[in-house]
Amino acid sequence: METFKCECGHLNHVGTVICESCGKPQDEGSTELLDMRYEGTARRSIVNNQTFVDKIWTFFSSVKVAVVIILITLVASALGTIFPQRDLLPPTANPTTYYQDEYGIFGKIYDAIGLDNTFNSWWFMLLVASIGVSLVICSLDRILPLYKALNKQTVTRHPNFLKRQKMFGVSRVDNIPEEIEKAKIKLRKKGYKIREENGNILAEKGRFSRWGPYVNHIGLIIFLIGVMMRYVPGMYMDKALWVQEGELKPVVGTNQNYYIKLRDFHMETYDEKKENKVYKKAIERFGNDKIPKNYQADVTLYKREGNLIPGEDPKLKKVKDYSIRVNEPLKFKNFALYQVDYRIGEFSAFLFTLQNKQTGEKLGPIKVDLQNPKETYDLKNGYKVELKNYFPDFYFNSDGQPDTKTRKPNNPAFVFKMTTPKTPKGEVAFVAIRQNIEPNGENKYKMSFAGIETKDSTGLTVRKDLTLWLLALGGTIFMIGVIQGMYWYHRRVWIQNQDGEIWVAAFTNKNYYGLKLELKKVLGDTKIEVPIDQQAEKSV
């Protein structure tokens with residue numbers, strides 16, 4: 001930026017409204033009060049607008065632009081919460097059809113325009129990054145000129161600078177040095193730092209409060225960095241994990257280094273007779289068995305030892321037993337397992353018998369584990385049942401062929417091949433709930449339903465967050481900035497000897513009423529008149 005020389009000899013950048021050294025206003029003919037927001041310094045966004053970089057800087061330095069970007073981000077965030085995000089859908093849900101099935105045409109539109117993945121989308125991350133860029137540029141565009149101007153200010157200020165302050169007054173007294181000395185002592189008692197030059201004084205306190213908004217910005221920038229870090233692989237994870245009683249599963253996100261086994265699941269509901277009367281109406285409305293009082297998963301955490309070998313069970317070492325309850329997660333390393341959901345009486349195993357249709361003789365039963373079914377069930381003496389196909393969540397697809405919607409055993413169906421001494425080539429049967437189809441015609445044997453086993457399941461959230469310290473740091477710095485800018489004020493008082501008169505001007509970045517009261521106490525024991533509020537005088 002080009003510079004120009006003030007009459008005091010100081011070189012100011014083009015665009016400076018008030019000389020950084022003597023305070024002389026550049027618009028000498030004006031009588032309007034000075035805008036002291038940035039000490040009248042030249043900001044790059046106003047002066048430089050030549051290159052492509054300058055135009056980008058100017059765009060992001062605008063507070064209006066920052067507000068618009070924040071509003072767009074807030075609207076996008078609100079839209080993203082209308083329906084569940086794709087990564088928060090139930091484990092059994094089919095993401096391609098879930099929104100239309102659950103929410104109709106609005107759900108279909110929601111999914112089609114990509115709002116189902118709002119917070120992981122590139123455009124949302126771009127909005128968050130734009131807020132960060134705007135905060136950085138807005139801060140640098142203002143704080144650097146303001147810092148330089150406050151550091152370069154001299155004690156003796158140009159007369160026009162004093163006249164155009166909001167609070168200004170002129171006093172005629174006999175002994176000017178004595179009255180100024182009295183005022184100086186009082187100002188020191190009020191916590192002002194005093195600088196003197198040629199009998200003039202500049203009293204200042206609370207300058208650090210001017211940096212409050214910029215400390216806010218630093219806190220927000222750190223917070224946004226923490227938010228962006230969540231998109232870095234390994235820094236943040238929030239995944240669902242369903243475990244059935246007796247089941248051993250690897251903990252998602254641990255690279256199969258940790259496993260968890262659900263030993264037992266407990267659910268306790270409110271008892272109308274035992275509970276406080278406050279809850280009686282709610283219990284009567286929903287029923288005793290509808291309101292869970294506590295549900296907990298008794299689990300065992302294991303750590304894998306050695307390497308994974310394909311085809312072999314991992315060698316595990318017990319870490320600890322723990323009871324996971326709501327808001328009482330199991331924590332290990334950087335992971336936390338939270339209790340968030342449950343399923344009572346979930347299908348675990350189906351029991352079948354091999355039955356001779358003519359004589360009614362039954363062999364078995366065989367137990368088909370729905371989580372880990374066997375391929376062959378040997379009933380001895382030449383009787384054998386093979387599981388040729390298994391559909392955990394059975395339905396007929398558009399081609400009329402049996403298929404499965406999910407891997408969850410919500411509606412199991414099986415294709416069995418039954419081999420007996422009388423049918424050495426085997427017979428095939430398709431068995432589902434309330435269905436027993438014989439594709440090859442009339443069979444001599446059939447698979448008869450003999451019972452069912454159920455188990456409870458717990459729904460856990462596996463959470464890993466290495467950005468919390470960064471978010472907490474950003475939030476803490478932001479609050480420091482709020483307190484810094486809200487409860488302290490930057491106040492300055494200039495007292496100068498101007499041709500036998502005492503000129504007093506005062507400035508504060510907020511709370512002029514408090515400054516007036518303070519000046520009354522400071523100048524009360526002197527003959528110097530309290531400066532008047534020129535803005536209030538003009539309005540009258």
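Modeller: Two strands count as paired if DSSP finds at least two bridges between them, and the strands themselves are DSSP runs of E with at least two residues, while helices are runs of H or I with at least four residues, both numbered from the N terminus. This is a predicted model, in which local features need pLDDT of at least 70 and side-chain atom pairs count only at pLDDT 80 or more, whereas totals for chains, interfaces and linings use all residues. Residues are numbered from 1 along each chain as its sequence is written, and side-chain values use heavy atoms, with hydrogens and water left out.

Colleague: OK, how many helices and strands are there in the protein?

Modeller: The protein has 12 helices and 24 strands.

Colleague: And what radius of gyration does the protein have?

Modeller: The value is 39 Å, whereas a compact globule of 540 residues would have one near 24 Å; the radius is taken over C-alpha atoms, and the globule rule is 2.2 Å times the number of residues to the power 0.38. Along the principal axes, the C-alpha atoms fill a box of roughly 130 × 60 × 50 Å.

Colleague: What share of the residues is buried?

Modeller: Buried residues are 42% of the 540, where buried means under 20% relative accessible area, exposed means over 50%, and partly exposed lies in between, with a 1.4 Å probe and protein chains only. As for contacts (heavy atoms within 4.5 Å), among those with a separation of 6 or more, 63% are between residues 24 or more positions apart.

Colleague: Switching to the strands, which one does strand 9 join through 9 bridges?

Modeller: That is strand 10 (residues 315-324), and the two run antiparallel; within this pair, alanine 297 has isoleucine 324 of strand 10 as its bridge partner. Strand 9 (residues 292-305) is also joined to strand 8 (residues 258-269) by 11 bridges, again antiparallel, with leucine 262 partnered by valine 299 and tyrosine 258 by lysine 303.

Colleague: What about strand 7, how many bridges join it to strand 8?

Modeller: There are 3 bridges between strand 7 (residues 248-250) and strand 8, in an antiparallel arrangement, and leucine 248 has lysine 261 in strand 8 as its bridge partner.

Colleague: I'd also like the open sheet. In what order do its 6 strands come?

Modeller: The order is 4-5-22-23-3-24, with antiparallel pairing. Strand 4 (193-197) and strand 24 (532-533) are the edge strands, since each pairs on one side only. Strand 4 is joined to strand 5 (residues 200-205) by 5 antiparallel bridges, and arginine 195 stands opposite leucine 202 in strand 5.

Colleague: Leucine 202, then: buried or exposed?

Modeller: Leucine 202 is buried, because its relative accessible area is 1%. Leaving aside neighbours within four places in sequence, the residues in contact with leucine 202 include Val155, Ile194, Arg195, Val493 and Trp494.

Colleague: How many Å separate the C-alpha atoms of leucine 202 and phenylalanine 350?

Modeller: They are separated by 90 Å, with their positions 148 residues apart along the chain. Phenylalanine 350 lies in strand 12 (residues 335-356) and counts as buried because its relative accessible area is 4%. Not counting residues up to four places away in sequence, phenylalanine 350 touches Ile366, Val368, Leu370, Phe414 and Phe449, among others.

Colleague: Strand 12 has phenylalanine 335 too. Which residues does phenylalanine 335 touch?

Modeller: With residues up to four places away in sequence not counted, the list includes Met237, Val252, Leu330 and Val462. Phenylalanine 335 is likewise in strand 12 and is buried, because its relative accessible area is 9%.

Colleague: Backbone oddities next. Where is the cis peptide bond?

Modeller: The cis bond joins glycine 364 and proline 365, with omega about 5°, and proline 365 has its place in strand 13 (residues 362-369).

Colleague: And which phi value does asparagine 255 have?

Modeller: Its phi is near 60°, a positive value in a residue other than glycine. Asparagine 255 is in the loop between strand 7 and strand 8 and is exposed, because its relative accessible area is 63%. Asparagine 327 also has a positive phi, of about 65°, although it is not a glycine; asparagine 327 lies in the loop between strand 10 and strand 11 (330-332) and is exposed, because its relative accessible area is 68%.
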